[in-house]
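The exercises below ask for a careful reading of one chain, each followed by a worked solution. Please look at the sequence and the structure before turning to the solutions.

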Amino acid sequence: MLAGQPTAFHSTPDPNRRQQYRRNEDRKLLQRERELDAARRICLVLFQHFDVKELIKKALQTALDVVGADGGSVLLADPESRQLVFRHSIGSSPVKNGTAIPWDQGIAGAVFTSGEPAVIADVKQDPRHFPGIDEMTGYKTRDMIALPLKRWEGEPIGALTIVNKREGPLDKDDLALLTIGSAVTAIAIEEARLFEAAKLAEVACLL
């Protein structure tokens with residue numbers, strides 16, 4: 001080697017870093033597959049039904065199955081009373097259909113008015129939590145994901161709440177799955193409402 005010539009060093013890749021990189025990539029791929037599967041399942045379920053009640057029921061059950069949660073509810077907004085009305089609930093102590101809360105109260109009200117979802121690992125520590133529903137049903141909510149249900153234009157029509165994951169708390173990965181489902185659910189609900197309104201209008205014209 002000539003004097004003054006720089007010495008070449010060949011670094012050996014750190015096997016631990018390579019393994020960590022592979023694990024991260026595998027995790028991303030798995031999450032992406034879960035998201036695509038969630039979208040496929042929710043679409044298959046929703047677009048087979050034009051009855052609003054049945055659609056909401058199927059959408060909620062599919063959302064629970066996707067993330068492995070024990071309970072949840074679909075609440076739709078009533079503009080006249082400015083309330084969120086429970087349209088369907090699933091769980092060991094489901095909320096009675098027709099139960100209403102002010103749409104500016106609770107975690108569901110917060111996501112409805114803000115248009116932003118929320119992931120809460122411990123609802124008791126969240127000041128937005130509305131304990132009245134748990135007190136009424138006797139159900140103990142531990143963790144929760146709440147998402148706004150929105151029209152195409154972005155205007156919220158209600159909220160989707162999922163509670164008490166069976167294995168570990170609900171997290172951001174679960175939120176990614178439910179975000180897909182909530183978007184499709186809101187669209188399907190609006191389509192079903194329009195379909196039902198058109199049927200009623202058609203019957204009225206025949207009378």
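**Exercise 1: Elements of the chain**

From the N terminus on, the elements of the chain follow the order α-α-β-β-β-α-β-α-β-β-α, where helices (H or I, at least four residues) and strands (E, at least two) are DSSP runs, numbered from the N terminus. The model is a predicted one, in which local features need pLDDT of at least 70 and side-chain atom pairs count only at pLDDT 80 or more, whereas totals for chains, interfaces and linings use all residues. Residues are numbered from 1 along each chain as its sequence is written, and side-chain values use heavy atoms, with hydrogens and water left out.

Task: state how many helices and strands the chain has.

Solution. The secondary structure comes to five helices and six strands.

**Exercise 2: Strand β2 and its partners**

Task: describe how β2 pairs with β1 and with β3, and decide whether β2 is largely enclosed or not.

Solution. Step one is the pairing criterion: two strands pair if DSSP finds at least two bridges between them. Strand β1 (residues 69-78) pairs with β2 in the antiparallel sense over seven bridges, and Ala 77 stands opposite Leu 84 in β2. Four residues lie between the strands of this hairpin, in which Arg 82 takes a positive phi near 55 degrees.

Step two turns to strand β3 (residues 100-102), which pairs with β2 in the antiparallel sense over three bridges; here Ala 100 in β3 is the bridge partner of Val 85.

Step three concerns burial, where buried means under 20% relative accessible area, exposed over 50%, and partly exposed in between (1.4 Å probe, protein chains only). Six of the eight residues of β2 (residues 83-90) are buried, so this strand is largely enclosed by the rest of the structure.

**Exercise 3: Salt bridges and their surroundings**

Task: give the number of salt bridges, and say for Asp 174 and Lys 165 whether they are buried or exposed.

Solution. Step one applies the rule that a side-chain nitrogen of Lys or Arg lies within 4 Å of a carboxyl oxygen of Asp or Glu, by which the count comes to five salt bridges.

Step two takes the salt bridge of Asp 174 and Lys 165, at 2.8 Å from N to O, and finds both residues buried.

Step three takes the salt bridge between Asp 126 and Arg 128 (2.9 Å, N to O), in which Asp 126 is buried at 13% relative accessible area, while Arg 128 is partly exposed at 36%.
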